[in-house]
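Visitor: I like labels to come with their reasons. Could you take me through this one and justify the words as you go?

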Amino acid sequence: MEKQDIANSINIIEQAIQEARKLPNGAYFYDILWGTILAIYYLANYFSLSNPDAFISNFNHYYWVLFPIGGIVSAIRSKQDDRNETAKSLADKIYLFAYSGFAFAYITIYLAAAFYGFNAIVIPVFCSLLGLTVFVTGGIVKESLSVIMGLFGMLVGAYMLNMDVSHQYLFASFVSVMVSIVPGIKMMFSRV
Amino acid sequence: MFKDLDPILHSQLRLSIVSLLVGLEEAEFVYLKQKTNTSAGNLSLQLDKLQKAGYVSIKKGFKGKYPVTTCKLTAKGLKAFERYVTTIKSYIHL
């Protein structure tokens, strides 16, 4: 086998793999969107609990409306992405499985906690699971800020176990900003 | 004695296609054409050879009103690529 031939093959493989790696996966949009929704949701809940007489507290039964709005915006964006993209990166599948797993784990914990009456653990567990998901996906797609912030989310989640619920809401809002929005903005500028 | 390189993969364009698909879940014909910088006819021909070897699966469909051809690396294709890389490595360690 010619040496030139082998060097050429290696070059082709390297270039193609680098090229495929450059493909943006658009995860930053969902990170920023859901981070913002969660931050607003938790902050509004904190405000309602700590200021029950404030005007905004009259709407505390309607904060959940933010989630279907997020779902609709996500679905529209996903459709747009499907229409415009000519290739799908492997990272898309990783994000899909990781966040589906996160949602499933959170919903089961939420229902079990409601059933057994352990409501105080729900928000800390949410922060830990979100941190874990961001940590794992960040590690796979080699986003060091996501790894660090994911770790931060898990630690704050554990710290929150000893807090009253209103402060848990405040901290969860902060975690949403640090774990979702901050890495999302960084990814947006680096076009991951 | 060195192993022979897979003749299906030991072609510049086919190797480029498979190497691109290794890092992707799937890719459209347009993407492969743009990245490999080749003509549609040549790309079609090489994709057909890769499909016949069972290395790539090709799905034809529609995106809105426009026809779309989507290519995906099969498990057999991935194994063949891994074998190809291993063989190349054995050549390098001469």
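Guide: Sure. This is a predicted model, and a good place to begin is A:Leu155, which sits in helix α6 of chain A, residues 144-159.

Visitor: Why is A:Leu155 called exposed?

Guide: Its relative accessible area is 60%. The cut-off for exposed is over 50%, so A:Leu155 with its 60% earns the label.

Visitor: Which residue can you pair with A:Leu155 to set sequence distance against distance in space?

Guide: Take A:Ser128: the two are 27 residues apart in sequence, and their C-alpha atoms are 7.3 Å apart in space.

Visitor: What does chain A look like overall, in terms of helices and strands?

Guide: Chain A has 7 helices and 1 strand, in the order α-α-α-β-α-α-α-α along the sequence. Its C-alpha atoms fill a box of roughly 80 × 35 × 30 Å along the principal axes. Of its 192 residues, 36% count as buried.

Visitor: And how is chain B built from helices and strands?

Guide: Chain B has 4 helices and 3 strands, running α-β-α-α-β-β-α from the N terminus. The box for its C-alpha atoms is roughly 55 × 25 × 20 Å, and 45% of its 94 residues count as buried.

Visitor: What makes α1(B) largely enclosed by the rest of the structure?

Guide: Count the buried residues: 9 of the 11 in α1(B) qualify, so the helix is largely enclosed. Buried means under 20% relative accessible area, and among the residues of α1(B) that pass are B:Leu13, B:Arg14, B:Ile17 and B:Leu21.

Visitor: Which residues touch the most other members in the largest nonpolar core?

Guide: That core has 33 residues, and the ones touching the most other members are B:Leu9, B:Ile17, B:Leu21, B:Tyr31, B:Leu32, B:Leu47 and B:Val56. At least two residues each come from α1 (3-21) of chain A and, in chain B, from α1 (12-22), β1 (24-28), α2 (29-36), α3 (40-52), β3 (66-73) and α4 (75-92). The largest share, 6 residues, is from α1(B).

Visitor: Which residues does B:Leu32 touch, leaving out those up to four places away in sequence?

Guide: B:Ile17, B:Leu20, B:Leu21, B:Ala27, B:Asn37, B:Leu43, B:Leu47 and B:Cys71. There is also a second, separate core of 19 residues, including A:Leu38 and A:Val179.

Visitor: On to the interface. How do you know that A:Lys93 and B:Glu25 meet in a salt bridge?

Guide: Their side chains have an N to O distance of 3.9 Å. The limit for a Lys or Arg side-chain nitrogen and an Asp or Glu carboxyl oxygen is within 4 Å, so the pair at 3.9 Å makes the list. The count between the chains is 2 salt bridges, and the rule for polar contacts finds 8 residue pairs across the interface.

Visitor: Which element gives the largest share of the side of chain A that touches chain B?

Guide: That's α1(A), with 11 residues. By type, this side of chain A divides into 11 nonpolar, 4 polar and 7 charged residues.

Visitor: How many residues does the contact take from each chain, and what area is buried?

Guide: It takes 22 residues from chain A and 23 from chain B. The buried area is about 2,100 Å², with carbon and sulfur atoms giving 68%.

Notes. Residues are numbered from 1 along each chain as its sequence is written. Chains are lettered from A and ligands numbered from 1 in the order in which they are written. This is a predicted model: local features need pLDDT of at least 70, side-chain atom pairs count only at pLDDT 80 or more; totals for chains, interfaces and linings use all residues. Side-chain values use heavy atoms; hydrogens and water are left out. A nonpolar core is a set of buried Ala, Val, Leu, Ile, Met, Phe, Trp, Tyr and Cys residues joined through side-chain atoms within 4.5 Å. Buried means under 20% relative accessible area, exposed over 50%, partly exposed in between (1.4 Å probe, protein chains only). Contact means heavy atoms within 4.5 Å. Buried area is the accessible area (1.4 Å probe) that two parts lose on being put together, summed over both. A polar contact is a pair of N or O atoms within 3.5 Å; within protein, one must be able to donate a hydrogen and the other to accept it, and residues adjacent in sequence count only if both atoms are side-chain atoms. Ala, Val, Leu, Ile, Met, Phe, Trp, Tyr, Cys and Pro count as nonpolar, Asp, Glu, Lys and Arg as charged, and the others, Gly among them, as polar.
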